[in-house]
Amino acid sequence: MPTPHRPSTPKAQGELHHRRIQVTLWTGSALLVVLGIGWALFFVGKGAWPIVAVDVALVAVGVLIGALTRFRRTRAAFFLLTGTIWLVICGISLILDVPSVQAPRSTHLFLLLLAVISLLFLRDDRAVLRLGITGICLVTFVVLASTTWSLTPDYVLPDSLRIWGSWVNSGSSAIGIYVVLHVMVADFAEQSSLEADLERGLAHGEFFLVYQPQVTSAGQVTGSEALLRWRHPKLGMVPPEHFIALAERTGQILPLGSWVLEVACTQLKSWSAMAGMQVLTLSVNVSVHQFCQPDFVAHVADALQRTGAQAHLLKLELTESSLVDDMEDVITKMQQLKLLGVGFSLDDFGTGYSSLNYLKRLPLDQLKIDQSFVRDILTDSNDAAIARMIIGLGDSLQFTVIAEGVETPGQREFLIRHGCHRFQGYLFSKPISPEAYEQFVRATAERSV
Ligand code: C2E
Ligand code: MG
Ligand code: MG
């Protein structure tokens with residue numbers, strides 16, 4: 001089995017979507033900086049200092065959006081960009097773009113563009129957020145289109161300038177909407193095709209699991225996490241972040257998740273016959289959708305029974321989003337599985353909305369510090385504080401704490417110093433084939449003798 005690598009082609013659908021988002025953010029950031037500087041220079045000449053101050057603020061926001069995009073905080077960058085553009089459009093519409101008999105208001109047309117961009121950008125987000133932002137844009141559009149309200153009734157731009165402005169605004173917003181709708185159609189077609197590919201891929205054996213070792217501070221291997229990979233016949237290796245969300249939306253995650261559980265349990269069983277591998281745990285990611293199925297417990301019990309895997313070596317990784325819906329149902333399911341011997345780890349901990357109250361009630365065994373906190377643990381005091389807080393929380397609730405995404409000795413040292421003694425990350429090993437993992441376990445055991 002080949003070792004996993006990043007996608008060999010940029011054509012993977014999730015990657016295309018990600019690139020589009022990046023391009024939109026960079027363009028928005030550049031636009032704010034250029035417009036801000038241009039307007040500031042223009043109004044400096046007229047001595048309109050309050051407007052210059054607003055322009056300088058726009059430049060600062062543009063730079064901040066660029067920085068957030070650069071550091072992969074694309075959601076924050078998007079919300080900042082959308083909010084700023086919305087304010088700018090409303091401000092210009094209510095101050096400068098007051099309709100006259102000769103020239104209708106036109107700046108508000110950009111709100112339609114903002115609405116369709118939000119629909120595209122937030123396509124994988126919660127519906128309430130997607131529809132909420134789009135709705136705000138459309139309602140504001142309707143209000144501005146239906147009124148002649150102005151914050152400065154005495155201030156009217158000359159009609160000659162406004163007529164020209166109406167043509168430019170209407171033309172450029174129409175072109176913008178045309179382009180975004182075109183991208184939306186392409187995006188939709190790509191998604192549908194990938195959706196069909198997912199189904200075919202499962203039937204044709206294009207999926208496989210790789211295993212990333214988990215180690216202690218003493219260098220001992222305690223187990224591994226099973227991670228799903230897709231070798232697409234045309235696109236090459238497609239990483240899970242590019243197809244799991246789609247599989248969740250289309251319901252394909254159910255057959256895919258069953259397949260993962262089956263393969264992971266079969267692998268556990270085969271390791272139980274190998275020297276040095278018998279006590280190693282195997283963590284399996286479970287999606288919200290999968291966990292919410294009424295027959296989930298029976299499904300896991302069935303997989304364990306059929307494959308002969310030992311339940312106490314199987315650890316199910318849930319994310320905080322799995323736990324928000326029906327708390328009592330979640331606890332019942334977890335307790336039933338615990339009775340079988342199955343363990344639980346809370347993945348990506350700290351990125352969702354955890355209530356300390358529910359954490360106390362859940363029969364968990366492990367908290368996983370998300371890699372986004374580990375990444376900058378040495379340079380970002382907030383991330384370091386969050387990691388320390390999770391370690392303290394794990395200690396007091398008697399859960400083990402494991403840090404994921406550990407890439408440098410410095411990160412490992414910091415975590416050990418603060419009481420975290422289990423790690424997973426490229427510092428130790430990338431996710432590897434089962435054979436390579438067996439080799440890794442053997443080599444680690446030999447080193448420690
Ligand atoms: P996760 O469960 O949080 O898995 C950890 C991810 O971090 C994996 O990405 C792993 O390859 C990556 N990783 C580990 N160490 C490092 C490191 O040192 N540096 C960096 N930069 N990354 C590291 P991967 O395999 O791409 O998986 C991404 C996500 O896809 C997983 O996040 C999980 O949420 C989901 N996923 C993977 N396999 C499955 C599966 O079988 N079922 C379900 N439902 N989700 C899965
Ligand atoms: Mg995981
Ligand atoms: Mg994780």
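## Two sides of a helix

Which residues are exposed on the other side of α16, away from its buried residues? In this predicted model, the answer is Glu446 and Arg447, which are both exposed there. Helix α16 itself runs over residues 434-448, and its 15 residues reach 21 Å from the first C-alpha to the last, which is close to the 21 Å expected at 1.5 Å a residue.

The buried residues of α16 are Pro434, Tyr437, Glu438, Phe440, Val441 and Thr444. When the helix is seen down its axis, these buried residues fall within an arc of 155°, so they line one face of α16. Among the elements that cover the buried residues of α16 are β1 (207-216), β2 (221-232) and α8 (253-271).

## Asp97 in its loop

Between α3 (74-95) and α4 (110-121) there is a loop, and Asp97 has its place in that loop. Is Asp97 buried or exposed? With a relative accessibility of 7%, Asp97 counts as buried, because residues under 20% are placed in that class.

The side chain of Asp97 reaches the backbone nitrogen of Ser106, at 2.8 Å. If residues up to four places away in sequence are not counted, Asp97 touches Ile92, Pro104, Arg105, Ser106, Thr107, Arg162 and Asn169, so Ser106 is both a residue that Asp97 touches and the one whose backbone nitrogen the Asp97 side chain reaches.

## Cysteines without a disulfide

Why does the structure hold zero disulfides, when Cys265 and Cys292 both carry a sulfur? A disulfide needs two cysteine sulfur atoms within 2.5 Å, whereas the sulfur of Cys265 is 20 Å from the closest cysteine sulfur, which belongs to Cys292, and this is too far for a bond. Starting from Cys292 leads to the matching result, because its closest cysteine sulfur is that of Cys265, again 20 Å away.

The surroundings of these two cysteines can also be described by their accessibility. Cys265, at 0% relative accessibility, counts as buried, whereas Cys292, at 35%, counts as partly exposed.

## How far to trust the model

The protein averages a pLDDT of 90, and 96% of the residues score at least 70. Over residues 1-11, however, pLDDT stays under 50, and for this stretch the model has 33 contacts beyond four places in sequence. Where pLDDT is low, the predicted coordinates should not be read in detail.

Definitions and conventions
Residues are numbered from 1 along each chain as its sequence is written. Chains are lettered from A and ligands numbered from 1 in the order in which they are written. This is a predicted model: local features need pLDDT of at least 70, side-chain atom pairs count only at pLDDT 80 or more; totals for chains, interfaces and linings use all residues. Side-chain values use heavy atoms; hydrogens and water are left out. Helices (H or I, at least four residues) and strands (E, at least two) are DSSP runs, numbered from the N terminus. The expected span of a helix is 1.5 Å times one less than its number of residues. Buried means under 20% relative accessible area, exposed over 50%, partly exposed in between (1.4 Å probe, protein chains only). The arc is that of the directions from the helix axis to the C-beta atoms. Contact means heavy atoms within 4.5 Å. pLDDT is the predictor's confidence in each residue, from 0 to 100. A polar contact is a pair of N or O atoms within 3.5 Å; within protein, one must be able to donate a hydrogen and the other to accept it, and residues adjacent in sequence count only if both atoms are side-chain atoms.
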